[in-house]
Amino acid sequence: MVRSLLTTRFVLPALLAAGVLCAAGSAGAQVDRQALEMLRRCVAAEGAVNFSGIRTVVVFENGVKVEGYEQQVYEKAPGKQRVAVIMSAGEPGRLFVSNGLVQWHYLPDRQRAVRRELPPPSETRARRLAELDELAERTRIQYLGTETIAGRTTHVIVVSTTGGSPMKKNWVDGITYVVLKTQRFDSEGRVKLSMYYTAINYAPQYTDGMFDFVPPAGATVREASDLPERIPLAEAEGRAGFKAVLPGYLPPGYTFQSDSVAVIPMHGRKVLWLEFSSGADSFSMFQRLRGVQIQSRQQGRCMEWSAGPYSFTLISSVSCDEMCKIRDSVRP
Amino acid sequence: MTCTQVREQLVELWGEVAQLGAEARAHLQQCADCRREAQSLATARKLLGQMTPGSAPEGFCDRVLARIAEVEAVHLSWPERALGWLWPRQHGPAWIRVVAMAAVLMILVGGVAMLHGGLGSGMNSQPPAMIAAGSAGITSVATRDEDLEAMVLRHQSLELMQPLSDDAGVHLISYTY
């Protein structure tokens with residue numbers, strides 16, 4: 001009697017709890033190998049598949065849609081891409097063109113073009129595949145089944161934090177591994193960005209010169225800078241001449257990349273560029289000695305403020321509320 | 001819209017959110033700080049509305065106007081004083097003196113400009129730098145916008161290298177600066 005009581009009241013629950021703990025521990029980096037392999041094939045397929053299509057991009061803030069637009073997309077291997085934002089008549093659109101080596105982003109309403117030279121595609125691909133393997137060690141990658149997107153059968157893969165919060169979900173074409181739909185999630189698990197193709201064509205017609213771009217007369221051309229050297233924090237602080245002030249608050253899943261800090265020049269002063277990443281998303285915080293008083297302001301995904309002897313600029317795709325929390329936790 | 005623009009409107013409207021335009025209302029949906037500002041203004045308006053209006057003592061307005069006239073009679077503005085020194089009042093009505101002084105000034109300015117143009121043709125005509133280190137309270141919005149753009153572009157370059165990055169075309173409108 002006593003023995004059976006002990007078994008039911010103590011031993012069995014203890015065994016059950018131990019089993020749950022073991023499962024939870026092993027779920028810390030739970031990777032579905034099939035899902036990981038599909039993500040690897042997605043990276044490999046980028047820039048390697050010819051297609052054209054129409055896709056919709058919707059941006060949400062706190063679960064509420066704030067903007068949405070359609071894009072006409074052309075891709076031609078290797079690495080050529082043309083994306084035009086389809087706007088209403090009378091509204092200026094945006095154009096993105098890449099020939100695989102040089103990328104142009106044209107904003108007609110501002111008469112402004114940004115030019116960015118790209119590293120060799122093979123180098124980019126190798127780096128992303130290596131980082132994907134590292135990502136798999138600290139996230140959960142799961143295969144969720146199949147769905148139909150734009151008339152194509154897709155495999156659905158979700159990348160989540162070890163706590164189970166979704167970060168990114170991809171719907172991958174079952175044959176070409178082109179991502180036909182993607183969703184990104186905020187720290188509350190709400191969709192913050194959704195992209196999905198409504199039409200896809202794997203036998204597209206191209207026109208001559210459609211992946212080349214010449215800035216129109218009168219347009220200002222801005223060169224996007226190369227990625228600077230990334231070094232450990234202590235070394236970066238030494239070069240900058242001041243200590244980094246790290247935020248006390250980070251959105252769930254984000255960590256400071258302490259081995260990947262950059263020091264960049266800006267008007268003769270040195271700026272610390274700090275990177276924070278969740279694996280699926282990242283945000284940057286730039287810190288510099290305050291030569292002048294910066295008025296706090298927020299403009300789209302950018303937030304600026306001064307605190308103590310420093311000025312800070314935060315550039316992020318997290319929600320406005322989260323950006324405010326990060327800002328308020330920076331205390332020199 | 002920026003927080004500054006929205007808050008300027010909120011001040012004018014005393015926090016009446018319903019009277020804001022669609023763009024400003026969309027900003028409020030995103031920005032908790034501005035929502036708090038709107039609430040503070042609306043609360044202040046309500047409190048002011050609850051206060052009972054007072055009335056000035058009898059003859060208050062007349063006394064204030066008389067005092068203003070006294071001060072004006074004693075204190076001339078500096079342009080009045082300068083004009084009186086250069087061309088005393090007894091030499092004509094004010095408008096003639098003003099026109100004559102304006103003509104003299106134009107001749108002087110034109111002469112200096114011609115002289116400067118002759119000597120300074122080789123000088124760099126670019127405006128001086130807008131920001132001086134340590135010059136507290138002085139900001140240059142134009143310069144800061146350029147810096148902000150540089151930082152956004154750097155961040156975008158970093159994002160493109162992430163293992164789960166979307167193609168650059170997806171974020172064509174996400175980042176505004």
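Trainee: Of the 177 residues of chain B, what percentage count as buried?

Mentor: This is a predicted model, in which local features need pLDDT of at least 70 and side-chain atom pairs count only at pLDDT 80 or more, while totals for chains, interfaces and linings use all residues. Residues are numbered from 1 along each chain as its sequence is written, and chains are lettered from A and ligands numbered from 1 in the order in which they are written. A residue is called buried if 20 or more other C-beta atoms, placed from the backbone, lie within 10 Å of its own, exposed if 12 or fewer do, and partly exposed in between. By that criterion the buried share of the 177 residues of chain B is 14%.

Trainee: How many helices and how many strands does chain B have?

Mentor: Helices (H or I, at least four residues) and strands (E, at least two) are DSSP runs, numbered from the N terminus. Along the sequence, chain B reads α-α-α-α-α-α-α, and its count is accordingly given as seven helices and zero strands.

Trainee: How many residues of chain A are in contact with chain B?

Mentor: Two residues are in contact if their C-beta atoms, placed from the backbone, lie within 7 Å. Sorted by class, the side of chain A that touches chain B has 26 nonpolar residues (Ala, Val, Leu, Ile, Met, Phe, Trp, Tyr, Cys and Pro), 13 charged ones (Asp, Glu, Lys and Arg) and 16 polar ones (the others, Gly among them). On the side of chain B there are 44 residues, and the number in chain A is 55.

Trainee: Which strands are the edge strands of the open sheet in chain A?

Mentor: Two strands pair if DSSP finds at least two bridges between them, and 12 strands of chain A form an open sheet with mixed pairing, in the order β7-β8-β9-β10-β11-β1-β2-β3-β4-β5-β6-β12. The strands that pair on one side only are β7 (140-149) and β12 (220-223) of chain A.

Trainee: What angle does the direction of helix α2 of chain A make with that of β7(A)?

Mentor: Axes are lines fitted to C-alpha atoms, for helices over the stretch in contact, and angles run from 0 to 180 degrees between N-to-C directions. Helix α2 (residues 33-45) of chain A packs on the sheet, where it touches β7, β8 (152-160), β9 and β10 of chain A, and its direction relative to β7(A) is about 70°.

Trainee: Is A:Ala113 buried or exposed?

Mentor: A:Ala113 lies in strand β6 (residues 112-117) of chain A, and its contacts beyond four places in sequence include A:Trp104, A:Tyr106 and A:Val221. Its C-alpha is 6.1 Å from that of A:Thr220, although the two residues are 107 apart in sequence. Because A:Ala113 has 20 C-beta neighbours inside 10 Å, it counts as buried.

Trainee: Where is A:Gln111, whose phi is near 50°, found in chain A?

Mentor: The phi of A:Gln111 is positive in a residue other than glycine. With 14 other C-beta atoms within 10 Å, A:Gln111 is partly exposed. Its place is in the loop between β5 (102-107) and β6 of chain A.

Trainee: What is the omega of the cis peptide bond from A:Ala77 to A:Pro78?

Mentor: A:Pro78 is found in the loop between β2 (64-76) and β3 (80-86) of chain A. The bond that leads into A:Pro78 from A:Ala77 is cis, with omega near -5°.
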